[in-house]
Amino acid sequence: MLFEFTRRDGAPTVFNDGTTFHVDQINRFGDGGSTDVSHLIDKSYGYHSSRELRWHLAERFGLTPSAVAVREAH
């Protein structure tokens, strides 16, 4: 399952000396085109990486992480 997201900047984090990002909008792509699924995630959560977002989406949709692909919209 493919997801495409747009990010907005988050805040600095003490966990990895980096910054987090928040998902502004996320769309799921499938046979019928794209569907906005932004309402299914906590948009206030600060993700440390797109990998973390992928794992979160896999859990949310009951999939294995290898069945989920994410890409950032540009």
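Ring pairs tie F5, F21, Y45 and Y47 together into a cluster. This comes from a predicted model, so a word on confidence is in order before going further into the rings. The mean pLDDT of the protein is 87, and 88% of the residues reach 70 or more. Confidence varies by element: strand β4 (residues 69–72) has the highest mean pLDDT, at 95, while strand β1 (residues 2–12) has the lowest, at 81.

As for the overall layout, the protein has one helix and four strands. Read from the N terminus, the elements go β-β-β-α-β. Of the 74 residues, 27% count as buried. The protein exposes about 4,800 Å², and carbon and sulfur atoms supply 49% of that area. Taking contacts between residues at least 6 apart in sequence, 43% join residues at least 24 apart.

Now for the inside. The largest nonpolar core is made up of 12 residues. Phenylalanine supplies F3, F5 and F21, and the aliphatic members include V23, I26, V37, I41, L53, L57 and V68; Y47 and A58 belong to the core as well. Strands β1 and β2 and helix α1 (50–61) are the elements that each give two or more residues to this core. Y47 has a fair list of partners beyond its sequence neighbours: leaving out residues up to four places away, Y47 touches T19, T20, F21, V23, E52, L53 and H56.

Back to the rings. The count of aromatic pairs comes to four. One of them is formed by F3 and F61, a tilted pair with 5.2 Å from centre to centre and 45° between the planes. The F3–F61 pair links distant parts of the chain, with F3 in strand β1 and F61 in helix α1, 58 residues apart. Are the two partners buried or partly exposed? F3 is buried, at a relative accessible area of 0%, which puts F3 under the 20% cut-off for burial. F61 has a relative accessible area of 23% and is therefore partly exposed. Another pair, F5 with F21, is stacked, at 5.6 Å centre to centre and 15° between the planes. Because F5 sits in strand β1 and F21 in strand β2, this pair ties together parts that are 16 residues apart in sequence. Both F5 and F21 are buried.

Strand β2 (residues 19–30) also holds N27. This asparagine has a relative accessible area of 17%, so N27 counts as buried. Where does the side chain of N27 reach? The backbone nitrogen of D36 lies 3.4 Å from the side chain of N27. Setting aside neighbours within four places in sequence, N27 is in contact with L2, F3 and E4, and also with S34, T35, D36 and V37.

E4, one of those partners of N27, is found in strand β1. The side chains of E4 and R71 are joined by a polar contact of 2.8 Å. Beyond the neighbours within four places in sequence, E4 is in contact with Q25, I26, N27 and F29, as well as with R71, E72 and A73.

F29, for its part, is found in strand β2. With a relative accessible area of 28%, F29 is partly exposed. F29 and E4 are 25 residues apart in sequence, and their C-alpha atoms are 7.8 Å apart in space. Not counting residues up to four places away in sequence, F29 touches L2, E4, S34 and R71.

Finally, the C-terminal strand brings in E72, which lies in strand β4. At 29% relative accessibility, E72 counts as partly exposed. Which side chain does the side chain of E72 make a polar contact with? The partner is the side chain of R7, at 3.0 Å. When residues up to four places away in sequence are left out, E72 touches E4, F5 and R7. E72 and F3 are 69 residues apart in sequence, yet 8.5 Å apart in space, C-alpha to C-alpha.

Notes:
Residues numbered from 1 in each chain as written. Predicted model: local features only at pLDDT ≥ 70, side-chain atom pairs only at ≥ 80, totals over all residues. Heavy atoms only, no water. Buried < 20%, exposed > 50% of the residue type's maximum accessible area, 1.4 Å probe, protein only. Polar contact = N/O pair within 3.5 Å; in protein donor to acceptor, adjacent residues only side chain to side chain. Contact = heavy atoms within 4.5 Å. pLDDT = per-residue confidence, 0-100. Core = buried A, V, L, I, M, F, W, Y, C linked by side-chain atoms within 4.5 Å. Areas by Shrake-Rupley, 256 points an atom, 1.4 Å probe, with all protein chains shown as cover. Phe/Tyr/Trp six-rings, centres within 6.5 Å; stacked < 30°, edge-to-face > 60°.
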